[in-house]
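Work through the exercises below with the sequence and the model in view. Try each task before reading its solution.

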Amino acid sequence: MTNFRWWRIEMKKWSIRIIAGLLCLIAVVFAGFYIWSEQTYQPSEELHAHVDKNDFNKEDGIITFVPDEPNGTGIVLYPGAKVEPEAYGYYAKKLMSEGYFVAIPEVLFNFALFESGKADEIREAHPSIEHWVIGGHSLGGVAAASYAYNHLQEIEGVIFLASYPSSGSDFSATEMPMLSLYAEKDGLSTLEDIEDTRQLLSNKAVLHEIIGGNHAQFGLYGEQKGDQAASISGIEQQDEMAAVTLDWLEGLR
C-alpha cells in the first residue's frame with residue numbers, strides 16, 4: 001500500500017512537471033511569434049514623398065482616406081502580412097481622389113487572417129456609405145475573400161492585390177465582381193499561384209498582369225525577402241494599379 005501511494009505521488013509530480021514544461025514551451029513559442037510579428041515592413045521614403053499625415057485620418061487603429069466629394073462607395077483594404085497599413089497610402093489616396101472612401105485597418109499580430117471580420121467594425125462606423133468593396137494584399141487578400149464569401153449579399157466586389165482566395169472561399173458559382181491584380185516578377189504570389197487558383201474566382205473576375213511589377217510594390221515598403229526585383233518603379237506600379245482599379249470600380253456603379 002505504501003509503494004502504491006509513493007507511485008501515485010511520483011506520477012503526480014511528473015504530471016505537474018510535464019504540464020509546467022508544456023506551458024513554458026507554449027509561452028516561449030508565443031513570445032517568439034509575437035516578437036517576429038512586430039518586426040513589420042514600414043512605409044518607404046518613396047511613399048512619404050507622395051503621402052503625408054494630412055492625407056488621412058488614424059483612429060482606433062484604422063487609417064481612413066476620406067474624399068471631399070464622396071461617391072457612396074467604401075473600400076476596406078487589408079494589409080499584407082507584417083506590412084504597416086500606411087504602406088498602401090499612395091494607392092488609397094489615388095482612389096480617394098475619385099470619391100472613394102478607403103479604410104485600411106491594423107490587424108491582430110499584423111496578420112489579417114486573425115481578424116478577417118475587421119470590416120464589420122469599419123462598416124458599422126460609416127453607415128452613410130451605401131456600397132462596400134473589400135480587398136487586400138497577399139494574405140490580406142485571402143482574409144478579404146473569406147469575409148466577402150461570408151457576406152455575399154453585403155459586399156459588392158473583391159480586389160486581390162497579388163492574392164487569391166483560399167479553397168474554403170470558392171466563388172466559382174457566384175456572380176461576385178472581382179479584380180485580380182498580379183505582377184510579372186512576383187516571387188511570393190507567383191504567376192503559377194495565380195493560374196492554379198483561377199478556378200476559385202467568380203465568372204465575373206477581371207485579371208490584370210502588371211508587367212515588370214513585383215510583390216512588394218503592391219505597397220510601398222521597400223524590398224521583401226523572397227521577392228524578385230521589379231523592372232518598373234514602385235510609383236509606376238502603383239499608378240497602374242490605381243488606374244485599372246478605378247476603371248473596374250466605375251464599372252460597378
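Buried means under 20% relative accessible area, exposed over 50%, and partly exposed in between, with a 1.4 Å probe and protein chains only. The model is predicted: local features need pLDDT of at least 70, side-chain atom pairs count only at pLDDT 80 or more, and totals for chains, interfaces and linings use all residues. Residues are numbered from 1 along each chain as its sequence is written, and side-chain values use heavy atoms, with hydrogens and water left out.

**Exercise 1. The overall picture**

Task: State how many helices and strands the protein has, and what share of its residues is buried.

Solution. Start with the secondary structure. Helices (H or I, at least four residues) and strands (E, at least two) are DSSP runs, numbered from the N terminus. The protein has seven helices and eight strands. Next, take burial. Of its 253 residues, 48% are buried. Then turn to contacts, meaning heavy atoms within 4.5 Å. Among contacts with a separation of 6 or more, 73% join residues 24 or more positions apart. Finish with the surface. Accessible areas come from the Shrake-Rupley method with a 1.4 Å probe; for residues, only the protein chains shown count as cover. The accessible surface comes to about 13100 Å², and carbon and sulfur atoms hold 54% of it.

**Exercise 2. Two helices**

Task: Find which residues of α3 and of α5 are buried, and what covers them.

Solution. Take α3 first. Helix α3 spans residues 89–96, and six of its eight residues are buried, so the rest of the structure largely encloses it. Those residues are Gly89, Tyr90, Tyr91, Ala92, Leu95 and Met96. Their cover includes the helices α2 (45–48) and α7, and the strands β2 (62–65), β3 (73–78), β4 (101–105) and β6 (158–161).

Now α5. Helix α5 covers residues 139–149, and eight of its 11 residues are buried, so it too is largely enclosed by the rest of the structure. The buried ones are Gly140, Gly141, Val142, Ala143, Ala144, Ala145, Tyr147 and Ala148. Elements that cover them include β3, α4 (118–125), β5 (131–137) and β6.

**Exercise 3. The largest pocket**

Task: Describe the lining of the largest pocket, then place Gln224.

Solution. Fix the terms. On a 1 Å grid over the protein atoms alone, a pocket is an open set of points where a 1.4 Å probe fits, with protein on both sides within 12 Å along at least five of seven lines; lining residues have an atom within 4 Å of a point. Grid points are joined across faces, edges and corners, and a volume is the space filled by probe spheres set on the points.

The largest pocket holds about 260 Å³. Its lining has 19 residues; Ala81, Ser138, Leu139, His215 and Gln224 lie nearest the centre. The lining divides into 11 nonpolar, seven polar and one charged. Here Ala, Val, Leu, Ile, Met, Phe, Trp, Tyr, Cys and Pro count as nonpolar, Asp, Glu, Lys and Arg as charged, and the others, Gly among them, as polar.

Now place Gln224. Gln224 sits in the loop between β8 (205–210) and α7 (234–252). Gln224 counts as buried because its relative accessibility is 15%. Leaving out residues up to four places away in sequence, Gln224 touches Tyr41, Leu188, His215 and Ala216.

Ser138 also lies in a loop, between β5 and α5. Ser138 is not a glycine, yet its phi is positive, about 55°. With a relative accessible area of 17%, Ser138 is buried.

**Exercise 4. Aromatic pairs**

Task: Give the geometry of the pair Phe56 and Phe65, and of the pair Phe101 and Trp132.

Solution. Rings of Phe, Tyr and Trp (its six-membered ring) pair if their centres lie within 6.5 Å; planes under 30 degrees apart count as stacked, over 60 as edge-to-face and the rest as tilted. The whole structure has six aromatic pairs. Phe56 and Phe65 form a tilted one, 5.5 Å centre to centre with 40° between the planes. Both Phe56 and Phe65 are buried. Phe101 and Trp132 pair edge-to-face, at 6.1 Å centre to centre and 90° between the planes. This pair links distant parts of the chain: Phe101 is in strand β4 and Trp132 in strand β5, 31 residues apart. Phe101 is buried at 6% relative accessibility, and Trp132 at 4%.
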